[in-house]
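Reader: I've got a new model open and I'd like to practise reading it feature by feature. Could you walk me through it?

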Amino acid sequence: MKIKGYLPILILVLAVSPGLVMAEGDVMKELGSRAAAVAMNQLDFDKGDENILAMTDAGYAMIGGQTTEAAVDGVSETCGCTIGKANLLMVHRSKFSPLWFFFYDKESDEAVYLRVNESADLAGEDVFSIVSKEMIDAGYMLENPKEWNGKFDAEVFGGNEFSLTTIANVWSHPNTTYDLLQAAMLHNHICPGLTSGYMISKYVEGNLPLETSSQSYKVIACPVWCKEDAFQVIWDATPGKRGLYAKGLTGDNKAALPDYAKNAAGLYIRWNKTTNTGDGLVMGFNWTKAQGMSGIKPADFKNFATYKWWWARLKMDLDMIDYIGNPETVCTTIMEFQVDNNDLTQLQEAGVNPYVYLDIVEAPRCLGVMTQA
Ligand SMILES: [Zn+2]
């Protein structure tokens, strides 16, 4: 009878034992495996088919406080998609996002999306609350925008329609590079803004190449747009490591830019940590030209009432891939400059408009802190 007294302790020990945590990992791995099996059945492909792209937010999404990375192994072991073959992309999401899996066949242009119902029994029959199959070829989507807009409204891919269709269509393009896909994994979609960052990085690397291990790029991101997520991935220029400072420009700040700097896309500095000096470029990105080459009107980008917002972005995503290796098509140098440690500190500080600091814009008289050092 005495053992009864130890029963609650025994249960507690079991509940926190590594064995039980392992079992939860096994459930998660099995979940990834089951998602892959459903997709293999619906898309009719065999393990190891390199026409298949698998994407998931497993590893980022959490369920009931548990991390989900084991599901990635389940996907990979079942369908044969791997990181090394660049056909397994782990797409960044918040821990609060639902767990999902997505499989795309670039031969048939069909895709299957599966969303996990986190309140269901994860080992049970009804674990996927959405299993949907769609034709996602960009040509088809662009030619049938009203039909596809209905699918956006119906959230056929659980609200991830733009994210998944843009990444999948760019992945299947022959000019796509893995570093662009890596940037897309952080940004969790591909848009002309992210591609502009990729092109700016290529332009800067060509015009201010890193020549010694003491040099690295620093970005004064001003104004801020989607491009910033490319520099973090490609150059490891992260805010936390003081590689990237994100600064907004107010409408008045933008209006104050002279005509030659209206396309301003930030400051890019090749910094030498040994000499504490750097060479910089104020870059421009010619959106008018880029949109014109795709036959897109600027207003289309802001037209969220119809299909135009995603249609314009998807069309430009694919058009830009065609000239992504020639950044000078749309990237320009607005100004070259040199900086020392004091300059860099000033440019990084709150309240300092970098375009005023570089004398591109005249300092507002009321703000003495913005005067040139
Ligand atoms: Zn974006």
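**Reading strands, helices and a loop**

Author: Sure, and keep in mind that this is a predicted model. Let's begin with a strand pair: E8 (residues 215-221) and E10 (residues 264-272) run antiparallel, joined over 6 bridges. Within that pairing, Ile220 sits opposite Leu267 of E10.

Reader: What is the strand order of the open sheet of 5 strands?

Author: As a general idea, strands of a sheet pair through backbone hydrogen bonds, in either a parallel or an antiparallel sense. Here the order reads E9-E8-E10-E11-E12, and the pairing is mixed. E9 (244-246) and E12 (331-340) are the edge strands; each has a single partner, so one side of each lacks a neighbour in the sheet. From one strand to the next, the twist averages 20°.

Reader: Which helices lie across these strands?

Author: H8 lies across E8, E10, E11 (277-285) and E12, at about 135° to E11. H14 (residues 341-348) lies across E8, E9, E10, E11 and E12, and runs at about 125° to E12.

Reader: How does the span of H8 fit with 1.5 Å a residue?

Author: The 16 residues of H8 (192-207) should span 22 Å at that rise, and the end C-alpha atoms are 22 Å apart, which agrees. As for cover, 12 of the 16 residues in H8 are buried, including Leu194, Tyr198, Met199, Ile200 and Val204.

Reader: Now E5: which residues are on each of its faces, and are they buried or exposed?

Author: In a regular strand, side chains alternate between the two faces of the sheet. In E5, Trp100, Phe102 and Tyr104 are on one side, with Phe101, Phe103 and Asp105 on the other, and all are buried. That fits the count for the strand (residues 100-105), where 6 of 6 residues are buried.

Reader: Which strands pair with E5?

Author: E1 (residues 52-56) pairs with E5 in the antiparallel sense over 5 bridges, with Met55 bridged to Phe102. E6 is also antiparallel to E5, over 6 bridges, and there Phe101 faces Leu114. The E5 and E6 hairpin has 4 residues between its strands, and Asp109 takes a positive phi near 65°.

Reader: Where does Asn117 lie, and how many other C-beta atoms are within 10 Å?

Author: Asn117 is in the loop between E6 (110-116) and E7 (128-135). It has 16 other C-beta atoms within 10 Å, so Asn117 counts as partly exposed. Leaving out residues up to four places away in sequence, Asn117 touches Asp126, Val127, Phe128 and Ser129.

Terms used: Residues numbered from 1 in each chain as written. Predicted model: local features only at pLDDT ≥ 70, side-chain atom pairs only at ≥ 80, totals over all residues. Helix = DSSP H or I, 4+ residues; strand = E, 2+ residues; numbered from the N terminus. Expected span 1.5 Å × (residues − 1). Buried ≥ 20, exposed ≤ 12 C-beta atoms within 10 Å, placed from the backbone. Pairing = 2+ DSSP bridges. Axes fitted to C-alpha atoms, helices over the stretch in contact; angles between N-to-C directions. Contact = placed C-beta atoms within 7 Å.
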